[in-house]
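Subject: Handing over a structure, with notes on what was found

Dear colleague,

I am passing on the structure below, together with some notes that should help you find your way around in it. Please keep it open as you read, since the notes go from place to place along the chain.

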Amino acid sequence: MSFLFDEDEALRDLLKEITVTDQKASSAAAKTITNRALSSNVVTITTSTEHGFEVGDTVTIAGTATAFNGTYNITLIPTPTTFKYAKTNANIATVASGGTATPGTTRKVGVWFGQPDQEIRSQSYPYITIDMIDIAEAFDRAHRGRVSPTYYEDPTTIATGVNWNSNLHDKDMDFPIPVNIDYQITTYARQPRHDRQILAELLYTKIPLRFAVLNVGPDTQYGTARRLDVLDISKRDITEQGKRLFVNAITVRVSSEIAPSTFNKLYKVQEINVTGTTGTQVIGRGTFTAVDPLTIPTP
């Protein structure tokens, strides 16, 4: 496991599958396609009239060549009558075409770290940003002593030239230092319906106010579940350039830990041999009889 990196990635993975209902889907009619082209795994579609799409919209292409048909996310709007989307395929030269481009019913909400100016400029609303705002030791969770957590990956060797064998070897380390990592999750939307949909998705399924969990780590064997607490939800709606912008700032806390960089590598006891005693043994006021030799093998 990797401190901070794993928490960052786990939080982004938790949020990145949020979608909202596209406002255009209920009112916009399918647009007629007049030209199509595919170059360097990017499709360019031209419509007969202004399409009204935005970057991030889903669109269904039908009635044209098989290589173009399907549902896609729009990645670029060069002009009011053209749009682009990604498609892995051999190049196809520009050609006149029929078919339709129909607005999809949902739109995926983008998720980025920090202030991704370059990325945001090429994206449309709604979207989410994640900012780490504080790291502090959690003294109320501190322990002293040694522990052998199973969610940390085993060493590869026990000694020079001796590979690690979990049947013969073990490990332990000082208790990890407990820390709290605070993040600010900020959501941005132009439409009030999108704003409420994002809030509902976050608070009902992604980061509920009680018993939220963040699954951290590369896999189930060397991963762990972190406690995830919602500390605050602030409404920060503004008006910019004459347009409404619905903003929510949600502060969350991940209960994490900083582990020592090295383990103590240990050999497991494989067998216990008791040689026994002979005659009568005297200890203090009483005596005990002899003990026969015995061996306790590995289970």
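A residue is called buried here if its relative accessible area is under 20%, exposed if that value is over 50%, and partly exposed in between. By that cut-off Asp195 counts as buried, because its relative accessibility is 1%. Please bear in mind throughout that this is a predicted model.

Asp195 is a convenient place to start with the charged side chains. Its side chain meets that of Lys235 in a salt bridge, at 2.8 Å from N to O. This pair links distant parts of the chain, since Asp195 sits in helix α3 (residues 192–206) and Lys235 in strand β17 (residues 224–235), with the two positions 40 residues apart in sequence. Whereas Asp195 is buried at 1%, Lys235 has a relative accessible area of 43% and is therefore partly exposed. The two also belong to a network of salt bridges in which Asp195, Arg196, Lys235 and Asp237 are linked.

How many salt bridges does the structure hold? The count is 11, and two further examples may be useful to you. One of them joins Asp229 and Arg227, whose side chains meet at 2.8 Å, N to O; Asp229 is partly exposed, at 21% relative accessibility, while Arg227 counts as exposed, at 53%. Another is formed by Asp13 with Lys16, where the closest N and O atoms are 3.3 Å apart. Both ends of that bridge are partly exposed, with Asp13 at 38% relative accessibility and Lys16 at 35%.

Turning to the nonpolar side chains, the largest nonpolar core has 26 residues, and those with the most contacts inside it are Ile128, Ile185, Ile207, Leu214, Leu228, Ile250 and Val252. At least two residues of this core come from each of α1, β10 (127–137), β15 (177–189), α3, β16 (212–216), β17 and β19 (243–258). If you would like one residue from which to explore the core, Ile207 touches Leu14, Ile185, Leu202, Ala212, Leu228, Val230, Ile250 and Val252, when residues up to four places away in sequence are not counted. There is also a second, separate core, which has 14 residues and includes Leu38, Phe53, Val59 and Tyr72. As general background, nonpolar side chains in soluble globular proteins tend to be buried together.

The aromatic residues come next. A search of the whole structure finds 6 aromatic pairs. In one of them, Phe53 and Phe83 have their ring centres 5.3 Å apart and their planes at 85 degrees, so the pair is edge-to-face. Phe53 lies in the loop between β3 (42–47) and β4 (57–62) and Phe83 in strand β6 (residues 82–86), so that this pair, too, links distant parts of the chain, 30 residues apart. Both rings belong to buried residues, as Phe53 has a relative accessible area of 6% and Phe83 one of 0%. Another edge-to-face pair is that of Trp112 and Tyr127, with 5.9 Å from centre to centre and 65 degrees between the planes. Because Trp112 lies in strand β9 (residues 110–113) and Tyr127 in strand β10, this pair ties together parts that are 15 residues apart in sequence. Trp112 and Tyr127 are both buried. Beyond single pairs, Phe53, Tyr72, Phe83 and Tyr85 form one aromatic cluster, and two of its members, Phe53 and Tyr72, are also included in the second core.

Two polar residues complete these notes. Glu7, in helix α1 (residues 5–15), is buried at 2% relative accessibility, and its side chain is joined to that of Ser256 by a polar contact of 2.5 Å. Asn35, in strand β2 (residues 31–39), is partly exposed at 27% relative accessibility. Leaving aside its neighbours within four places in sequence, Asn35 is in contact with Thr44, Ile45, Thr46, Thr94, Val95, Ala96 and Ser97. Asn35 and Thr82, which are 47 residues apart in sequence, are 9.2 Å apart in space, C-alpha to C-alpha.

With kind regards

Key: Residues are numbered from 1 along each chain as its sequence is written. This is a predicted model: local features need pLDDT of at least 70, side-chain atom pairs count only at pLDDT 80 or more; totals for chains, interfaces and linings use all residues. Side-chain values use heavy atoms; hydrogens and water are left out. Helices (H or I, at least four residues) and strands (E, at least two) are DSSP runs, numbered from the N terminus. Buried means under 20% relative accessible area, exposed over 50%, partly exposed in between (1.4 Å probe, protein chains only). A polar contact is a pair of N or O atoms within 3.5 Å; within protein, one must be able to donate a hydrogen and the other to accept it, and residues adjacent in sequence count only if both atoms are side-chain atoms. Contact means heavy atoms within 4.5 Å. A salt bridge is a side-chain nitrogen of Lys or Arg within 4 Å of a carboxyl oxygen of Asp or Glu. A nonpolar core is a set of buried Ala, Val, Leu, Ile, Met, Phe, Trp, Tyr and Cys residues joined through side-chain atoms within 4.5 Å. Rings of Phe, Tyr and Trp (its six-membered ring) pair if their centres lie within 6.5 Å; planes under 30 degrees apart count as stacked, over 60 as edge-to-face and the rest as tilted.
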